[in-house]
Amino acid sequence: MTINMNDIVGTHDILFVTLDTLRYDVAKLEEENCPNLCGTGGWEKRHTPGSFTYAAHHAFFGGFLPTPANTDKASHVRLFHSKNTGLPTNPNTWLFDTPDIVSGLAGEGYRTICIGGVIFFTKKVALAKVLPSYFQESYWRQTFGVTNPRSTEHQVNHALKLIGSADPGQRLFLFMNVSAIHGPNHYFVPGAKRDSFDTQRAALRYVDGQLGRLFEAMRARGKTFCIVCSDHGTAYGEDGYQGHRLAHEVVWNVPYREFIL
């Protein structure tokens, strides 16, 4: 499906969900078990612009979403691109003349909302205020964080309250950073003592079960363009590596989807 973002911006709500730390191989294996995320198609393999949350999201909000994992330049059409950079653009790309897509969309009349998840969205210290500060409204609660086994449920519940009270005549740009897939995720497998490939799979199934309510609420408002992707993957012992913020294919390869509700 070819998306012309110039037809989307101003006419559609925009929902951007990052599934923090989700590996591409995990996402592919769980496609059949994720009817809300994959009911209309499977995951596309892409390369992330950053190996950890802070770096990746700075790039995302600058318009640099994960890049198709291929050498076919015709498929590398960006949804968003800053004006006057001197770089080539595509007629389907929406151009913004601000430092980031969030303020660019606000300039088009969007109400911009962030529902945070992992540490970089907590606003507890100066560094953790940077990403939320892009938005007109930003929210974080302890129950949204990585240590709560029901974090996605709490995040979606908060989003539903905001959506329910939103002006139907004003377009929304709603961003949610889902924390549940990020470690610790071992509690999604009873008896597991440490995070693993399998516990991340279980965390993704939990997340999918909660996001259906969010998609339905956005669909009820009207036309919604959705971007759902991971910001980076993580290593569970591959070639001796653990975690992320490192250069390994399990970190750089991420799942990506875009679709219209």
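So, C229: its bridge partner in β12 is Y256. That puts us right at the pairing of strand β9, residues 224-229, with β12, which is antiparallel and has five bridges. When I say strands, I mean DSSP runs of E, at least two residues long, and helices are DSSP runs of H or I with at least four residues, both numbered from the N terminus. And two strands count as paired if DSSP finds at least two bridges between them.

Quick housekeeping. This is a predicted model, where local features need pLDDT of at least 70 and side-chain atom pairs count only at pLDDT 80 or more, while totals for chains, interfaces and linings use all residues. Residues are numbered from 1 along each chain as its sequence is written, and side-chain values use heavy atoms, with hydrogens and water left out.

Okay, the big picture. Which strands make up the sheet, and in what order? There are eight, in an open sheet with mixed pairing, running β3-β2-β12-β9-β1-β8-β6-β7. β3 and β7 are the edge strands, each pairing on one side only. As a reminder, strands of a sheet pair through backbone hydrogen bonds, either parallel or antiparallel.

Let's walk along from the β3 edge. β3, residues 67-68, pairs with β2 in the antiparallel sense over two bridges. Then β2, residues 44-47, goes on to β12, residues 253-260, antiparallel again, with four bridges. Have a look at H47 in your viewer: its bridge partner in β3 is T67, and its bridge partner in β12 is N253. R46, meanwhile, stands opposite V254 in β12.

How much of β12 is buried? Seven of its eight residues are, so to speak, under cover. Buried here means under 20% relative accessible area, exposed means over 50%, and partly exposed is in between, using a 1.4 Å probe and protein chains only.

Past β9 we get to β1, residues 13-19, where seven of seven residues are buried. Both faces are covered: D13, L15, V17 and L19 on one side, and I14, F16 and T18 on the other. β1 runs parallel to β9, joined by six bridges, and V17 stands opposite V228 there. On to β8: β1 runs parallel to that strand with six bridges too, and I14 has F173 as its bridge partner.

Next along, β6, residues 111-115, is joined to β8, residues 172-178, by five bridges, and those two run parallel. One pair to click on is I115 with M176 in β8.

Now the loops. V118 is in the loop between β6 and β7. Why does V118 count as buried? Because its relative accessibility is 4%. V118 and K73 are 45 residues apart in sequence and 33 Å apart in space, C-alpha to C-alpha.

R141 is in another loop, between β7 (137-139) and α6 (151-165). R141 has 38% relative accessibility, so it counts as partly exposed.

R141 also belongs to a positive surface patch, along with K123, K129 and K161. A patch takes residues with over 30% relative accessible area and no salt bridge, joining like charges within 9 Å and nonpolar side chains (Val, Leu, Ile, Met, Phe, Trp, Tyr) within 5 Å. A salt bridge is a Lys or Arg side-chain nitrogen within 4 Å of an Asp or Glu carboxyl oxygen. Lys and Arg count as positive, Asp and Glu as negative, with His and the chain ends not counted.

Methods: Accessible areas come from the Shrake-Rupley method with a 1.4 Å probe; for residues, only the protein chains shown count as cover. The place of a charge is taken as NZ of Lys, CZ of Arg, CG of Asp or CD of Glu.
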